[in-house]
Amino acid sequence: MGGTLIHSASIKAHLKAIPAGVWALGFVSLLMDISSEMIHALLPIYMVTTLGTSALAVGIIEGVAEATAAITKIFSGALSDRLGKRKGLAALGYGMSAFTKPVFPLASELSWLIAARFIDRVGKGVRGAPRDALVADLSPPEVRGASFGLRQSLDTVGAFLGPLLAILLMVLTANSFVTVFWIAVIPAFLAFALIVFAVREPERLPDLKPVRSPLSRRELARLGQDFWWVVAVATVFTLARFSEAFLLLRAQSVGLPVALVPAILVLMNVVYALAAYPAGVLSDRMDRRNMLAAGLVLLFLADMVLAYSSSVESVAAGVILWGIHMGLTQGLLATLVADTAPPELRGTAYGMFNLMTGLALLAASVIAGVLWDAVGPKGTFLTGAVFAALAAAGVLFLRRVSVRTRF
């Protein structure tokens, strides 16, 4: 039945096979991303044009925020393994982000924005690993890639609806950042309500081993060689891509009006959303190393296009390539973690995975900010292209390494 589903069933049948809990988690992600991206699409420009923040500071703030989320995921993921429960921690994380959102329109100084961004990302860290482990727990193995692809796709629909709403509201409010930030509070609280009332935790399987000390050397060793290969490749891969804040700054640098700058995130996330679910289905059918390599090649091309862009149209072309690479790779990496980690240690596995990739994103964002201030956009994106080429070479090398999984 599983083989028939993977190899001959229609997309519609795949969608029906995905559990209701995964759908609910997808819509929770959609709503929270609408809220977060309404703010995030405008925040870099707000900091630079209104508060006088440098591009380096933007890179540091974005990198530290994401690294904070990554570090928090270690402990929340490990705690979910110890408790044998995921939903409560995921709901707590969504609640933290929801209750932080009103700080953005109330803040009058950069320090308040930094604090709000920090706490919001702590909330993301608290929910991230337990939520991903919950998706893995809910999903049958034969549609695991499709399940992660669907959640990623819905998450990304929110990621482009958020900037689109930000554009419309900026036009309607004569560029009132504060008004847009207030409206962004609403979907955040809807997401929190949805996970509390619509998501049910699956029963823990009786044959799973209890986990007393998830972060002990003994338990981490149980994650296995295949899992650590996934982490190593994902870390190098993340060095090749920095915060999307620099896509916004790149669009502004070629003359896109401030009110339309969020359109860049709309474009990128539309492409991302369209690619994520088909990529998830495809990952259930083919060698996943090939998909990673293809995604890295696309990232290399995106960086090259963005490095030499001199018009809004050329920036848009680079952003489209960036979105396709995200669709091919992000759900795939989450699926690989679920494939390679023991079920009772999935929370810890996602925590370790996100720690390493979060630290890589911090490094990438800081490097991008330094290069932007020192030599401009061209140097920033050419450096990204170099890292992408190195990561692609690493994936191609791994094709020659014999491992038990399709990775």
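**Entry 1: a buried ring pair**

I began with two aromatic residues and noted that Phe 246 and Trp 372 are both buried. I record at once that the model I am reading is a predicted one. I then looked up how the two rings are placed. Phe 246 and Trp 372 form a tilted aromatic pair, with 5.8 Å from centre to centre and 50° between the planes. I next asked which parts of the chain this pair ties together. Phe 246 belongs to helix 14 (residues 245-253) and Trp 372 to helix 18 (residues 346-375), so the pair ties together parts that lie 126 residues apart in sequence.

I followed Trp 372 to another ring. The ring centres of Trp 372 and Phe 381 are 6.5 Å apart and their planes stand at 70°, so I entered this pair as edge-to-face. The angle settles the class, because planes over 60 degrees apart count as edge-to-face. Trp 372 and Phe 381 are both buried.

**Entry 2: other rings**

I looked up the total and found 8 aromatic pairs in the structure. Phe 99, Phe 189 and Phe 192 are linked into a cluster by ring pairs. I also noted a charge placed over a ring: the charged end of Arg 127 sits over the ring of Tyr 94, at 4.4 Å from the ring centre.

**Entry 3: the whole chain**

I turned to the secondary structure and counted 19 helices and 0 strands in the protein chain. I then asked how the radius of gyration of the chain stands against the globule rule. The radius of gyration is 20 Å, close to the 22 Å that the rule gives for 407 residues, so the chain is as compact as a globular protein of that length. Along the principal axes, the C-alpha atoms fill a box of roughly 60 × 45 × 45 Å. Of the 407 residues in the chain, 60% are buried.

**Entry 4: the largest pocket**

I looked for open space and found that the largest pocket holds about 250 Å³. Its lining has 15 residues, and those closest to the pocket centre are Asp 137, Glu 203, Arg 204, Leu 205 and Leu 208. I sorted the lining by class and obtained 5 nonpolar, 2 polar and 8 charged residues.

**Entry 5: the cavities**

I searched the whole structure for cavities of 30 Å³ or more and found 3. The second largest cavity contains about 50 Å³ of space. Which residues line the second largest cavity? I listed Ser 36, Ile 39, His 40, Leu 43, Lys 101, Phe 104, Arg 117, Asp 120 and Arg 121. Helix 3 (20-40) and helix 8 (110-138) each supply at least two residues of this lining. By class, the lining of the second largest cavity divides into 3 nonpolar, 2 polar and 4 charged residues.

**Entry 6: two residues with positive phi**

I last looked up backbone angles in one loop. Ala 174 is not a glycine, yet its phi is positive, at about 55°. Ala 174 is found in the loop between helix 9 (144-172) and helix 10 (177-183). I asked whether Ala 174 is buried or exposed. Ala 174 has a relative accessible area of 68% and is therefore exposed, since exposed means over 50%.

Asn 175 also has its place in the loop between helix 9 and helix 10. Asn 175 is not a glycine either, and its phi is positive at about 65°. The relative accessibility of Asn 175 is 40%, so I entered Asn 175 as partly exposed.

Methods. Residues are numbered from 1 along each chain as its sequence is written. This is a predicted model: local features need pLDDT of at least 70, side-chain atom pairs count only at pLDDT 80 or more; totals for chains, interfaces and linings use all residues. Side-chain values use heavy atoms; hydrogens and water are left out. Rings of Phe, Tyr and Trp (its six-membered ring) pair if their centres lie within 6.5 Å; planes under 30 degrees apart count as stacked, over 60 as edge-to-face and the rest as tilted. Helices (H or I, at least four residues) and strands (E, at least two) are DSSP runs, numbered from the N terminus. Buried means under 20% relative accessible area, exposed over 50%, partly exposed in between (1.4 Å probe, protein chains only). A charge sits over a ring if NZ of Lys or CZ of Arg is within 6 Å of the ring centre and within 35 degrees of the ring normal. On a 1 Å grid over the protein atoms alone, a cavity is a set of points where a 1.4 Å probe fits but cannot get out, and a pocket is an open set with protein on both sides within 12 Å along at least five of seven lines; lining residues have an atom within 4 Å of a point. Grid points are joined across faces, edges and corners, and a volume is the space filled by probe spheres set on the points. Ala, Val, Leu, Ile, Met, Phe, Trp, Tyr, Cys and Pro count as nonpolar, Asp, Glu, Lys and Arg as charged, and the others, Gly among them, as polar. The radius of gyration is taken over C-alpha atoms; the globule rule is 2.2 Å times the number of residues to the power 0.38.
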